[in-house]
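User: Please take a close look at a single part of this model and explain what surrounds it. Start with the whole chain, then work inward and outward from the part you choose.

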Amino acid sequence: MKNWDSLDEHGVCTADRDCEDAYKVCQILDIPFHQVSYVREYWNEVFSDFLNEYEKGRTPNPDIVCNKHIKFSCFFHYAVDNLGADAIATGHYARTSLEDEEVFEQKHIKRPEGLFRNRFEVRNAVKLLQAADSFKDQTFFLSQVSQDALRRTIFPLGGLTKDFVKKIAAENRLHHVLQKKESMGICFVGKRKFEHFILQYLQPRPGNFISIEDNKVLGTHKGWFLYTLGQKAKIGGLREPWYVVEKDGTKGDVFVAPWTDHPALYRDLLRTSRVHWIAEEPPATLVRDKMMECHFRFRHQMALVPGQREDPAVGAICLHAPEGPEQSQRGHRGPRGWPRPVSLALKEAELLRGVPAEQS
């Protein structure tokens, strides 16, 4: 897929380079190569939303939105409708409840026509499950994939570790892929100097960094919308680290607190907007009792946090931290619940949807 058509900061079109790498893989494996362009769809469905959310002071996750609208919608329908594929396979480190071993064990046996398709007739909801490699697990980014697409997707890497996948690649002469660095940055846009990049699309709105303790001005910034609650604030001339506590969009001020264990950085309640349930319906326990035990995370590779979901209104969810030892994304103890990156949490808490508790 080609979803972004500009050069990176070194003047290289990474999409062209990725295309060449994929083509070499297809040549080595002797399989057909197809290329599709979703530049317009990516701009309309992913990047425009990304900019709109930032302008409102929230922190969107474009990788999640890209999976929902591009990879598992545009690309999925192209594979099924145009290429006649039974299903799509991706390199995500994830598993589903339909990912049974029989599909792979029969690869050397001529199986009856339509056997693979028969798996799609099962009407039980498909569950999204964590990968065997917990460090590489990518279910966080697949949380908005539709039930229909998930039913017709397989994740061959779900039961493998990254090291073992590299071993397989080396044994199959895919050394040019092994040399590639881990993909970083905005989905399909790549790793950029974030502030410089986003200010190409949004107008700078200079303001002050203000201490939450004494209202003292500590420095200046180019836009309050550039900062996520809970994020480390880079303030010149200060030795100790300061972190974002609040943002005032009217005045353009960003309020900060010193160190990661400051009381202002913690909350024990989080409210989400409308939740997307992978299984398409909320759990029966939540419907019946308006409350359920759960585990959740609002950052990739963050440790799962136990809590309770409460259903206060249609589609919305409240998350309560449990009583007992406090937990923190940075490993520090705090006086109440978890640290404060609520802006990030409000957007990404949608990832909590529908993953079975024992596998979430």
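Analyst: **One strand and its surroundings**

The protein chain has 11 helices and 15 strands; helices (H or I, at least four residues) and strands (E, at least two) are DSSP runs, numbered from the N terminus. This is a predicted model, in which local features need pLDDT of at least 70 and side-chain atom pairs count only at pLDDT 80 or more, while totals for chains, interfaces and linings use all residues. Residues are numbered from 1 along each chain as its sequence is written, and side-chain values use heavy atoms, with hydrogens and water left out.

Of the 360 residues in the protein chain, 45% are buried. Here buried means under 20% relative accessible area, exposed means over 50%, and partly exposed is in between (1.4 Å probe, protein chains only). Among contacts in the protein chain with a separation of 6 or more, 65% are between residues 24 or more positions apart; a contact means heavy atoms within 4.5 Å.

The part chosen is strand β5, residues 207-211. β5 is mostly covered, with four of its five residues buried. The strand belongs to an open sheet of five strands with mixed pairing, in the order β6-β5-β9-β8-β7. Two strands pair if DSSP finds at least two bridges between them. The edges of the sheet are β6 and β7, each of which pairs on one side only.

On one side of β5 is strand β6, residues 217-221. The two run antiparallel and are joined by four bridges. Within this pairing, Gly207 stands opposite His221 of β6. β5 and β6 form a hairpin with five residues between the strands, where Asn215 takes a positive phi near 60°.

β5 also pairs with strand β9, residues 253-258. This time the strands run parallel, and three bridges join them. Ile210 has Phe255 of β9 as its bridge partner. β9 in turn is joined to β8 by six bridges, and those two strands run antiparallel. In that pairing, Asp253 of β9 is the bridge partner of Asp248.

Which residues does Phe209 touch, leaving aside its neighbours within four places in sequence? Its contacts include Val217, Leu218, Gly219, Thr220 and His221, and β6 covers residues 217-221. Also in contact with Phe209 are Lys216, Tyr227, Ala233, Lys234, Ile235, Val254 and Val256.

Phe209 is also one of the three residues, with Ile198 and Val256, that touch the most other members of the largest nonpolar core, which has 30 residues. A nonpolar core is a set of buried Ala, Val, Leu, Ile, Met, Phe, Trp, Tyr and Cys residues joined through side-chain atoms within 4.5 Å. The elements that give two or more residues to this core are α2, α3 (62-82), α9 (194-198), β8 (242-248) and β9. The biggest share comes from α2, with six residues. There is a second, separate core of 16 residues, including Ala94, Val126, Leu142 and Phe155.

Aromatic rings are the next topic. The whole structure holds 16 aromatic pairs. Rings of Phe, Tyr and Trp (its six-membered ring) pair if their centres lie within 6.5 Å; planes under 30 degrees apart count as stacked, over 60 as edge-to-face and the rest as tilted. One pair is Trp43 and Phe47, which is tilted, at 5.1 Å centre to centre with 45° between the planes. Both residues lie in helix α2 (residues 39-55), four residues apart, about one turn of the helix. Trp43 counts as partly exposed because its relative accessibility is 36%, whereas Phe47 is buried because its relative accessible area is 1%.

Phe209 of the chosen strand pairs with Tyr227; this pair is edge-to-face, with 5.3 Å between centres and 80° between the planes. Because Phe209 lies in strand β5 and Tyr227 in the loop between β6 and β7 (232-233), the pair ties together parts that are 18 residues apart in sequence. Phe209 and Tyr227 are both buried.
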